[in-house]
Amino acid sequence: MTANQITIALTKGRIEQSAVELLEKAGFDMSFMANKGRNLIFESPDKKFRFLLVKAPDVTTYVRHGVADIGVVGKDVLMEHPTGYLEMLDLNFGLCKFSVASIPSYDPTDHKRKRIATKYPTVAREHFNKTGEDVEIISIQGSVEIAPVIGLADAIVDIVETGNTLVANGLEVFEDICRISARLIVNTAALKNNPDLLPFIRKIEEIVGNEEVPFK
């Protein structure tokens, strides 16, 4: 690792692919990541960049602890892990949304205490606190879509992209909570100590622009 080298933690999968495409648009040669195999750490030939391919929830951990200077991860992860970094840019890819969904007979207007199943308990709790609804949050790590079908929960809070999975399991969206997209986050100390970091972020910002792309 060389002086002022920028280490970037990327969420494996589609966000990683979109991030690489964005860096190519910004004029960086990313050909060294074309044949990844099973490797998880990559260094650019000029030693200016190092990339770590990690699972989405771990991106904030690497940035928080200073192992990575920059992270690229979905806003959903940041909403569940909101501290220890600076959120710098909305990258306008990886678009989806948080929604409340359930079986067609679900009545969101009744006043009974509802059970809400989700992989995102912080997001769900904050949403229903804002709406003043009395709910019990049930944390699930697997396929949350079956929870209303089998009676474990009245509804779910989950990420919706195409909605095909909901339809396939007999669910429908009752309420949209917020838009989700990939974000660029940065380690606070690195931003102060690495003089190459801010110019890099500004270069990415020029490509992305300041206008938010809506999710439809």
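**Notes on an exposed patch, two cysteines and a buried serine**

1. Let's start at the surface: Ile 150 has 61% relative accessibility, so this residue counts as exposed. Please keep in mind that we are looking at a predicted model. Ile 150 sits in helix H5, which covers residues 147–150. Together with Ile 146, Val 149 and Leu 152, Ile 150 makes a nonpolar surface patch of about 360 Å².

2. On to the cysteines. How many disulfides are there? The count is zero. For Cys 96, the closest cysteine sulfur belongs to Cys 178 and lies 9.1 Å away, which is too far for a bond, because a disulfide needs the two sulfur atoms within 2.5 Å. Seen from the other side, Cys 178 is in no disulfide either, with the sulfur of Cys 96 as its nearest cysteine sulfur.

3. Are these cysteines buried or exposed? Cys 96 has 8% relative accessibility and therefore counts as buried. Cys 178, at 23%, counts as partly exposed, because buried means under 20%.

4. Now a look at Ser 99, a residue of strand S6, which spans residues 96–102. With a relative accessibility of 1%, Ser 99 counts as buried. Its side chain makes a polar contact of 2.7 Å with the side chain of Asp 176.

5. What else surrounds Ser 99, once neighbours within four places in sequence are left aside? Ser 99 is in contact with Ile 156, Val 157, Asp 158 and Val 160, and also with Val 173, Glu 175, Asp 176 and Ile 177. Asp 176 is thus worth viewing alongside Ser 99, given the side-chain polar contact between them.

Note on methods: Residues are numbered from 1 along each chain as its sequence is written. This is a predicted model: local features need pLDDT of at least 70, side-chain atom pairs count only at pLDDT 80 or more; totals for chains, interfaces and linings use all residues. Side-chain values use heavy atoms; hydrogens and water are left out. Patches are made of residues with over 30% relative accessible area and no salt bridge: like charges are joined within 9 Å, nonpolar side chains (Val, Leu, Ile, Met, Phe, Trp, Tyr) within 5 Å. Accessible areas come from the Shrake-Rupley method with a 1.4 Å probe; for residues, only the protein chains shown count as cover. A salt bridge is a side-chain nitrogen of Lys or Arg within 4 Å of a carboxyl oxygen of Asp or Glu. Helices (H or I, at least four residues) and strands (E, at least two) are DSSP runs, numbered from the N terminus. Buried means under 20% relative accessible area, exposed over 50%, partly exposed in between (1.4 Å probe, protein chains only). A polar contact is a pair of N or O atoms within 3.5 Å; within protein, one must be able to donate a hydrogen and the other to accept it, and residues adjacent in sequence count only if both atoms are side-chain atoms. Contact means heavy atoms within 4.5 Å.
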